[in-house]
Structure formats: structure tokens, C-alpha cells
Amino acid sequence: MPSTVPIFDFSDRRFVVTGASSGIGREVARQLALSHGHVLAMARRAELLASLAQEFPQRIVPCVADVTDTAAFKPALLQFAGGAPLAGSVHAAGINRFAPLRAFQRSEAERIMATSLWAGVDLVRLLCGPELGTAGASHILLASVSGLKGQAGLTAYGATKAAVIHAVRSLARELAGKKIRINAVSPGWIPTEMTEEMQRFYPGGAEKIVQEHPLGLGTPRDVALLALYLLSDAAQWITGSNFVIDGGYSA
Amino acid sequence: MEKFRELFAQALEMKTDDVKLDARLKDLPGWDSIAAVSFLAMVDGDYGIKLTAEEIRKAVLVEDLYKLVQK
Ligand SMILES: NC(=O)c1ccc[n+]([C@@H]2O[C@H](COP(=O)([O-])OP(=O)(O)OC[C@H]3O[C@@H](n4cnc5c(N)ncnc54)[C@H](OP(=O)(O)O)[C@@H]3O)[C@@H](O)[C@H]2O)c1
């Protein structure tokens with residue numbers, strides 16, 4: 001097993017992590033807590049957030065909220081910040097839906113985009129504003145290799161992730177003046193609730209998916225440690241970039 | 001039944017009137033992998049039934065798919 005000694009020290013720093021009830025977001029919150037950071041852990045399912053907070057009662061504050069409803073969770077954000085600026089965020093809340101063109105549903109597509117892209121941009125708006133923004137902060141939006149490579153049935157999801165990658169470029173230019181950084185992280189296939197659901201649509205099943213990743217499938221921890229690096233001061237010269245982490249899938 | 005035939009027709013991009021329950025799937029020109037996963041995705045939304053690509057692959061007749069969504 002990998003060492004449990006933290007690589008980074010986020011003592012006295014506060015972060016917001018969305019999608020913290022499950023998968024990648026949950027592991028990002030855990031790794032931040034293990035590295036002595038404080039985390040506002042956001043998602044809709046209260047029980048899952050409660051069990052996460054139970055693991056790190058001193059470090060993780062659960063926030064049951066729909067990430068697309070910025071106005072609703074703003075008070076919780078301000079309370080968590082306690083009058084001080086926040087050190088950054090990881091927007092891992094996301095949904096996916098497999099739909100070839102003939103099964104395309106516009107309302108579903110808009111929900112995917114609203115959750116991954118617009119909710120992330122709006123969160124960053126709040127966190128970079130006068131109340132919560134500060135020089136040195138770092139933000140991450142979860143994109144995907146699906147935003148770089150076309151995949152049948154993933155038009156809405158792929159377009160959303162490509163849009164995330166690009167939004168980050170524009171935002172990086174805007175935020176550089178404030179010395180705030182923002183980057184995208186694009187994982188390959190990581191077994192989580194999301195991929196468990198998607199797997200039904202792959203006739204070759206799990207085996208074929210594994211074969212497409214030369215290093216095999218990744219873990220939420222692999223992605224979380226990259227995110228921690230980007231949140232840390234070690235990444236102080238990195239902004240507007242997209243980081244592919246996919247075990248060689250796109251090599 | 002009518003709902004199933006409409007959905008199946010949409011997944012294969014064929015006319016609803018041409019959907020025959022006793023037809024063999026592999027004899028239908030529209031029955032390919034995209035049609036199969038489209039059918040899966042539509043069943044999800046319209047019936048709330050979560051089938052897998054593997055279950056669909058086992059179907060021989062159109063009727064077998066009808067039975068799957070009646071579960
Ligand atoms: N797993 C992969 O292979 C993979 C690959 C590339 C990119 N990604 C991206 O990585 C991110 C995390 O995915 P994952 O694999 O960890 O998926 P996951 O296990 O399904 O987790 C998704 C998280 O998003 C939250 N969420 C969804 N809609 C929300 C909403 N409206 N408000 C608040 N929270 C919401 C869910 O919590 P609640 O349901 O409790 O609200 C859950 O915590 C996503 O952006 C995904 O697209 C994943």
C-alpha cells in the first residue's frame with residue numbers, strides 16, 4: 001500500500017470540494033484532510049457526506065447542497081470561510097448520461113452542462129469575489145479525456161468537458177491579475193459510481209476498457225494527488241492548463 | 001406494446017409499422033451496436049429499467065427485447 005505520510009501541508013488552508021459524497025471528489029476531500037487542510041464538502045446526499053465528515057471531524061465540514069443552486073449554498077460557504085479568504089476549490093460534481101444521437105435528450109444534455117461546467121464557473125466566481133478571493137488561491141475543474149477525444153454516445157458529456165477545458169483557459173487569463181490560478185484535470189477511466197453506471201453501455205464490458213488503458217485503470221487517489229499538487233504552491237506557475245491523467249489511454 | 005414498438009423503431013431508425021415481434025434481430029438491417037446501446041439508453045429513460053449491453057446481446061427475436069422491458 002502507498003505511504004500514508006502526506007506529501008503536502010495544507011495547514012490553516014480552507015478549500016471547497018464539490019462532488020464530495022462519492023468517487024474522485026470524496027477522495028480529494030480525504031487527501032486534503034490527511035494533508036491538514038480544512039474542507040467544505042459539498043454534494044446532495046447527506047448520509048454519504050456525514051460518513052466522510054465522521055472520518056475527519058476536525059477537518060471536513062459537510063454541506064448538503066445542489067451545486068447548480070449557487071444562491072442556496074452561498075451562506076454555508078461564507079460561514080465556512082469565517083471572514084477569511086479561501087485557498088481554493090475542486091469542482092468534481094458531475095453527471096453523465098450515455099446517449100447516441102437518436103436517444104439524445106436536450107434536457108439531459110443541459111443538466112450535464114449545468115452541473116459540470118456552469119456550476120463550476122459560478123462557484124469560481126463566488127470564490128474569486130471580494131469576500132472569498134485571495135492571491136495565491138488555486139481552483140480546479142474536473143474535465144475528462146472525453147473532452148479531448150470523440151466517443152460515440154457521449155456527445156453531451158464530451159462537449160461539456162471540452163467546454164470545461166476551454167473555460168479554464170479564459171478564466172486563467174482573467175484571474176491571473178489577482179494571482180489566482182485555475183486548471184482542468186482530465187482523468188481516464190476510474191472505477192466510481194459514474195463509471196459503474198456507464199459500464200452497462202460497453203458491450204466489451206470491463207475487460208475492453210482496461211485494455212484501452214496501458215497502465216490499467218486508475219484510482220480516485222491517483223487523481224486526488226494530482227489535484228493536491230495543483231492546489232499547492234509547488235504549482236505556482238501553472239494556470240490555464242489541462243492535465244491528462246489516464247494511464248496512457250490517450251498516448 | 002405500442003410504446004415498445006415506437007421506442008424500438010426509434011432505436012433502429014426504422015418505421016414503427018415495420019416492427020414485427022417475431023423478426024430475428026440479426027435479420028434487421030438497422031440492428032447494430034449503436035442501435036443496441038440507443039435502445040438501452042431509451043429504455044432507461046422511458047421505462048426506468050437498467051439493462052446491460054450483455055443482456056441485450058443475448059436476445060434473438062425482437063420479442064426477447066420486449067420481454068426484457070416487461071420485467
Ligand atoms: N470516473 C471517471 O472515470 C472519470 C473520468 C473522467 C472525468 N471524471 C469526472 O470526475 C468528476 C467526478 O466523477 P466521479 O467518477 O467521482 O463520479 P461519482 O462517483 O458519480 O461522483 C459524482 C459526484 O458529483 C456529485 N453531484 C452530482 N450532481 C450534483 C449536484 N447537482 N449537486 C451537488 N453534487 C452533485 C455527486 O453527489 P450527490 O449525488 O450526492 O449529489 C457525487 O459526489 C466528474 O466531473 C466526472 O465527469 C470521472
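How many residue pairs are in polar contact across the interface of chain A and chain B? The rule finds 6 such pairs, both residues at pLDDT 80 or more. The close-ups below start from there.

This is a predicted model, in which local features need pLDDT of at least 70, side-chain atom pairs count only at pLDDT 80 or more, and totals for chains, interfaces and linings use all residues. Residues are numbered from 1 along each chain as its sequence is written, chains are lettered from A and ligands numbered from 1 in the order in which they are written, and side-chain values use heavy atoms, with hydrogens and water left out.

**View 1. Where chain A meets chain B.** Here 11 residues of chain A are in contact with 19 residues of chain B (contact: heavy atoms within 4.5 Å). The two chains bury about 1,300 Å² between them, and 54% of that lies on carbon and sulfur atoms (buried area: the accessible area, 1.4 Å probe, that two parts lose on being put together, summed over both). Look for Arg102(A), Arg200(A) and Pro203(A): these supply 56% of the area that chain A buries against chain B, more than any other three residues. As for the 6 residue pairs in polar contact, the term stands for a pair of N or O atoms within 3.5 Å; within protein, one must be able to donate a hydrogen and the other to accept it, and residues adjacent in sequence count only if both atoms are side-chain atoms. By class, the side of chain A that touches chain B has 7 nonpolar, no polar and 4 charged residues. In this scheme Ala, Val, Leu, Ile, Met, Phe, Trp, Tyr, Cys and Pro are nonpolar, Asp, Glu, Lys and Arg are charged, and the others, Gly among them, are polar.

**View 2. Salt bridges across the interface.** Between chain A and chain B the count is 3 salt bridges (a side-chain nitrogen of Lys or Arg within 4 Å of a carboxyl oxygen of Asp or Glu). One such pair is Glu13(B) with Arg102(A), whose closest N and O atoms are 3.4 Å apart. You can also trace a network of salt bridges that links Glu197(A), Arg200(A), Asp44(B) and Lys50(B). Within that network, the side chains of Glu197(A) and Arg200(A) meet at 2.7 Å, N to O. Glu197(A) is partly exposed at 25% relative accessibility, whereas Arg200(A) is buried at 10% (buried: under 20% relative accessible area; exposed: over 50%; partly exposed: in between; 1.4 Å probe, protein chains only).

**View 3. Ser38(B) and its neighbours.** Ser38(B) sits in helix α2 (residues 33-47) of chain B (helices, H or I, of at least four residues and strands, E, of at least two are DSSP runs numbered from the N terminus). Is Ser38(B) buried or exposed? Ser38(B) is buried, with a relative accessible area of 0%. Leaving aside residues up to four places away in sequence, Ser38(B) touches Pro100(A), Arg102(A), Ala103(A) and Ala11(B).

**View 4. Salt bridges within chain A.** The structure holds 17 salt bridges over all chains, and here are two more to find. The side chains of Arg97(A) and Glu108(A) meet at 3.8 Å, N to O. This pair links distant parts of the chain, 11 residues apart: Arg97(A) lies in the loop between β4 (88-91) and α4 (106-127) of chain A, and Glu108(A) in helix α4. Arg97(A) is partly exposed at 24%, while Glu108(A) is buried at 17%. Lys208(A) and Glu212(A) form another salt bridge, with the closest N and O atoms 3.6 Å apart. Lys208(A) is partly exposed at 46%, and Glu212(A) is partly exposed at 36%.

**View 5. Around the ligand.** Of the 31 residues around the ligand, Ser21(A), Ser22(A), Arg44(A), Tyr157(A) and Thr192(A) come nearest (a residue is near if one of its heavy atoms lies within 4 Å). A polar side-chain atom of Thr192(A) lies 2.6 Å from an oxygen atom of the ligand. In the side chain of Arg44(A), an N or O atom is 2.7 Å from a ligand oxygen. For Asp66(A), the partner is a nitrogen atom of the ligand, 3.0 Å from an N or O atom in the side chain.

**View 6. Two residues with positive phi.** Most residues other than glycine have a negative phi. Asp12(A), not a glycine, has a positive phi of about 65 degrees; Asp12(A) lies in the segment before β1 (14-18) of chain A and is exposed at 76%. Glu13(B), also not a glycine, has a positive phi of about 55 degrees. Glu13(B) lies in the loop between α1 (2-12) and α2 of chain B and is exposed at 61%.
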